[in-house]
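Biologist: I am new to this structure and would like a close look at a single part of it, with the surroundings explained as you go. Please choose one part and take me through it slowly.

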Amino acid sequence: MNEKGWVDRLIGFFLGNKDKYFQEILIDREVVDEIMQIARQSHPLEFMAMLEGKISKGVLRVDGLIFLPGETSNQGAVMKIFMMPMTTGTVGSVHSHPIPSATPSAADLHSFAKNGYIHLIIAEPYIEESMVAYDTFGEVISYNVI
Ligand code: ZN
């Protein structure tokens, strides 16, 4: 590819993705409370939901959960949900780990890379401090609860 080709490609990349760019993540307090409650009720099964929200002015705000049929399972909850297409207003996923570790499994990482911008894992004992956010690459990202 010549020099102009690369420039065109870079411009296209930035234009095509500017609505998906964010520096800050805000999660509504009610959403966090709901996640903790459902994770506890589902234990020892995993629960899984999609995160509803939007990106505006560099802020990704999560303001709701979207449940799909069969959202609890003893294994592979994540794999199942990612077979569904991402709908408008969906920004990522959340699932629980019935063990005291929020480290993504190999299957989790594979799923994170496919869809969404933010992926939450809440580990047993399902408190705010045991919930970790990851980007599509499985890197830990910080968030604020509002
Ligand atoms: Zn997992």
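Modeller: What follows is a walk around one helix, its metal site and its aromatic neighbours, with a few unusual backbone spots at the end.

The model is predicted, so local features are described only where pLDDT is at least 70 and side-chain atom pairs only at pLDDT 80 or more, while totals for chains, interfaces and linings use all residues. Residues are numbered from 1 along each chain as its sequence is written, and side-chain values rest on heavy atoms, with hydrogens and water left out.

To set the scene, the protein chain has four helices and nine strands, where helices are DSSP runs (H or I) of at least four residues and strands are DSSP runs (E) of at least two, numbered from the N terminus. Along the sequence they come in the order α-β-α-β-β-β-α-β-α-β-β-β-β. Of the 146 residues in the chain, 40% are buried, a word used here for a relative accessible area under 20%, with exposed meaning over 50% and partly exposed anything in between (1.4 Å probe, protein chains only). Among contacts with a separation of 6 or more, 67% are between residues 24 or more positions apart, a contact being heavy atoms within 4.5 Å.

The part to look at is helix α4, residues 106–114, which holds D108. The zinc ion has as its protein donors H95 (NE2), H97 (NE2), D108 (OD) and D108 (OD), at 2.0 to 2.7 Å; a donor is an N, O or S atom within 2.8 Å of the metal (3.2 Å for Na, K and Ca), and because water is not among the atoms, sites may look incomplete. In sequence these donor residues follow the spacing H-x1-H-x10-D. H95 and D108 join distant parts of the chain, since H95 sits in strand β5 (residues 90–97) and D108 in α4, 13 residues apart. Both H95 and D108 are buried. The arrangement is irregular because the angles between the four donor atoms run from 53 to 159°. By the rule applied, four donors are tetrahedral if all angles lie between 85 and 135 degrees; four are square planar and six octahedral if opposite donors are over 155 degrees apart and all others between 65 and 115; anything else is irregular.

Turning to the helix itself, the buried residues of α4 are D108, S111 and F112. These residues lie on the same side of α4 because they cover an arc of only 105° around the axis, the arc being that of the directions from the helix axis to the C-beta atoms. On the other side of α4, the residues A106, A113 and K114 are exposed. After α4 comes G116, which has a positive phi near 90°.

The aromatic surroundings come next. Three aromatic pairs are counted in this model, the rule being that rings of Phe, Tyr and Trp (its six-membered ring) pair if their centres lie within 6.5 Å, and that planes under 30 degrees apart are stacked, over 60 edge-to-face and the rest tilted. One of these pairs is F22 with Y117, which is edge-to-face because the planes stand at 65°, with ring centres 6.3 Å apart. F22 and Y117 are 95 residues apart, F22 in the loop between α1 (3–17) and β1 (24–27) and Y117 in the loop between α4 and β6 (118–123). Y117 is partly exposed, at a relative accessible area of 25%. Another pair, F112 with Y134, is stacked, its ring centres 6.0 Å apart and its planes at 25°. This pair ties helix α4 to strand β7 (residues 131–134), across 22 residues. F112 has 0% relative accessibility and is therefore buried, and Y134 is also buried, at 5%. Leaving aside neighbours within four places in sequence, Y134 is in contact with several residues, including A102, P104, F112, Y117 and I141. H119 lies 15 residues from Y134 in sequence, with 5.1 Å between their C-alpha atoms.

Finally, the loop between β6 and β7 holds P125, which is joined to E124 by a cis peptide bond with omega about 20°. Y126 is found in the loop between β6 and β7, and its phi is positive, near 60°, although Y126 is a residue other than glycine. Y126 is buried, with 3% relative accessibility.
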